[in-house]
Amino acid sequence: MKTAIVTGASSGLGREFARQIPKFYRSLDEIWLIARSSDKLEQLKEELTKETGIYCRIYDSDLTRDYVFYHLQRDLEALRPDIRMLVNGAGVGCNALVSQSSPETLTGMIQLNCTALTHLTSLCLPYMNRGSRIVNLASAAAFAPQPGSAVYGATKAYVLSFSRALGQELADRRIFVTAVCPGPVETDFFRTAGEPAGKTRQKLMAQPGKVVRKALSDVRRRRSVSVYGAAMKGARTAAKIAPDRLTDWFMNKMNTRSLT
Ligand SMILES: NC(=O)C1=CN([C@@H]2O[C@H](COP(=O)(O)OP(=O)(O)OC[C@H]3O[C@@H](n4cnc5c(N)ncnc54)[C@H](OP(=O)(O)O)[C@@H]3O)[C@@H](O)[C@H]2O)C=CC1
Ligand SMILES: CC(=O)[C@H](N)C(=O)O
């Protein structure tokens, strides 16, 4: 049973992946959709069933709780799917200074963006085969420290580093890993993160459909990192060559203006 698994499928980039994956894999049998909002997942299931005929299995669960992993493990053991693609799309941010954030908010971000992503990847690996893909939503925020959303930036640096290393570990099995690193994308992200995107981000804002199309094209090419747009490609290069002190100063100027 050829299967794709998508977390964060109720909204934004995750939902867009669920919509575009059937064009990438034309012979999929099932898509497993994971997020908390059951109503939005049901809507997506209806849409995908109508348009593609693919069976959608819904897990309306909080990935920061353990039970979803027991539930998934049970289904993986019982159904033994051939997981062709895992998209770790669920993630949250928090635009606030560390000193003004609660410990629960900060550790909750790590729990979802890093721990859950790692847990699900590890659970799925035994069911992945030659040619399977792992797609992890990192961010351009992974390229440099992010004063003003320090923990978010650090979680994304984790995702980028983890993805690149895992890609090397899995090369012999011909399983390919891509870290997707967009700049700002027009989704619910900024509303959930507690602050609207500022002027610079508004100017750079990309559409989720285009970001996912580019990501899937990079996945097809087995690229380890997918960066959407010239501005973010430039940002990546700049972060690699600029001295740390300059990068940190610049990121602080850009990110914390409205927070302090
Ligand atoms: N938008 C942007 O500018 C950028 C986003 N990204 C990354 O892309 C990923 C997707 O973000 P995006 O689509 O923009 O944001 P959205 O807010 O639109 O989507 C976030 C998704 O994560 C799910 N989610 C949140 N918390 C949990 C939880 N505890 N358990 C299960 N699912 C959860 C949400 O579903 P529900 O609420 O139903 O649980 C939703 O489906 C994130 O990892 C983000 O960091 C990277 C770069 C840029
Ligand atoms: C929300 C993001 O991850 C984005 N790269 C940004 O920093 O705006």
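**Exercise 1. The end of α3**

Task: Find which residue follows α3 in this predicted model, and say whether that residue is buried or exposed.

Solution.
- Step 1. Arg80 follows helix α3, and its phi is positive, near 40°.
- Step 2. Arg80 is not a glycine, yet its phi is positive.
- Step 3. Place the residue in the chain. Arg80 sits in the loop between α3 (67-79) and β4 (82-88).
- Step 4. Count the neighbours. Arg80 has 11 C-beta neighbours inside 10 Å. A residue is exposed with 12 or fewer. Therefore Arg80 counts as exposed.
- Step 5. Check the helix itself. α3 has 13 residues. From first C-alpha to last, α3 reaches 18 Å, close to the 18 Å expected at 1.5 Å a residue.

**Exercise 2. Another positive phi**

Task: Locate Arg174, give its phi, and decide whether Arg174 is buried or exposed.

Solution.
- Step 1. Arg174 lies in the loop between α5 (150-170) and β6 (176-180).
- Step 2. Its phi is near 60°, which is positive in a residue other than glycine.
- Step 3. Arg174 has 11 other C-beta atoms within 10 Å, so Arg174 is exposed.

**Exercise 3. The two sides of α2**

Task: Work out which residues of α2 are buried, and which exposed residues are on the face turned away from them.

Solution.
- Step 1. Set out the helix. α2 covers residues 38-52, 15 residues in total. The helix reaches 20 Å from its first C-alpha to its last, close to the 21 Å expected at 1.5 Å a residue.
- Step 2. Pick out the buried residues. In α2 they are Leu41, Leu44, Lys45 and Leu48. They cover an arc of only 105° around the axis, so they lie on the same side of α2.
- Step 3. Turn to the opposite face. Asp39, Glu46 and Lys50 are the exposed residues there.
- Step 4. Ask what covers the buried residues. The cover includes α1 (12-24), β2 (30-35) and β3 (55-60).
- Step 5. Look past the helix. Gly53 follows α2, with a positive phi near 75°.

**Exercise 4. The nonpolar core**

Task: In the largest nonpolar core, find which residues touch the most other members. Then list what Ile31 touches, leaving out residues up to four places away in sequence.

Solution.
- Step 1. The largest nonpolar core has 63 residues.
- Step 2. Val6, Ala18, Ile31 and Leu33 touch the most other members.
- Step 3. Now take Ile31 and skip residues up to four places away in sequence. Ile31 then touches Ala4, Val6, Ala18, Ile21, Leu48, Ile54 and Cys56.
- Step 4. Link back to α2. Leu48 is one of the residues Ile31 touches, and Leu48 is also one of the buried residues of α2.

**Exercise 5. Two ligand shells**

Task: Describe the residues around ligand 1 and around ligand 2, and sort each shell by class.

Solution.
- Step 1. Ligand 1 has 27 residues around it. Gly8, Gly12, Arg36, Ser37 and Gly91 come nearest.
- Step 2. The elements giving two or more residues to this shell are α1 and α6 (189-192). α1 gives the most, with three residues.
- Step 3. Sort the shell around ligand 1: 11 nonpolar, 13 polar and three charged residues.
- Step 4. Turn to ligand 2. Around it are Gly93, Ser139, Ala140, Ala141, Pro182, Gly183, Pro184, Phe189 and Arg201.
- Step 5. Sort the shell around ligand 2: five nonpolar, three polar and one charged.

**Exercise 6. Three residues compared**

Task: For Leu204, Met205 and Thr187, state the location, the burial class and the contacts beyond four places in sequence.

Solution.
- Step 1. Leu204 is in helix α7 (residues 199-204). With 17 other C-beta atoms within 10 Å, Leu204 is partly exposed. Its contacts are Gly183, Pro184 and Ala231. The C-alpha atoms of Leu204 and Val185 are 8.2 Å apart, although 19 residues separate them along the chain.
- Step 2. Met205 is in the loop between α7 and α8 (208-220). It has 14 C-beta neighbours inside 10 Å, so Met205 is partly exposed. Its contacts are Pro184, Val185, Glu186 and Ala197.
- Step 3. Thr187 is in the loop between β6 and α6. It has 20 C-beta neighbours inside 10 Å. Buried means 20 or more, so Thr187 counts as buried. Its contacts are Ser11, Gly12, Leu13 and Pro208.

How values were computed: Residues numbered from 1 in each chain as written. Chains lettered and ligands numbered in written order. Predicted model: local features only at pLDDT ≥ 70, side-chain atom pairs only at ≥ 80, totals over all residues. Core = buried A, V, L, I, M, F, W, Y, C linked by C-beta atoms within 7 Å. Contact = placed C-beta atoms within 7 Å. Near = placed C-beta within 6 Å. Nonpolar A, V, L, I, M, F, W, Y, C, P; charged D, E, K, R; others polar. Helix = DSSP H or I, 4+ residues; strand = E, 2+ residues; numbered from the N terminus. Expected span 1.5 Å × (residues − 1). Arc of directions from axis to C-beta.
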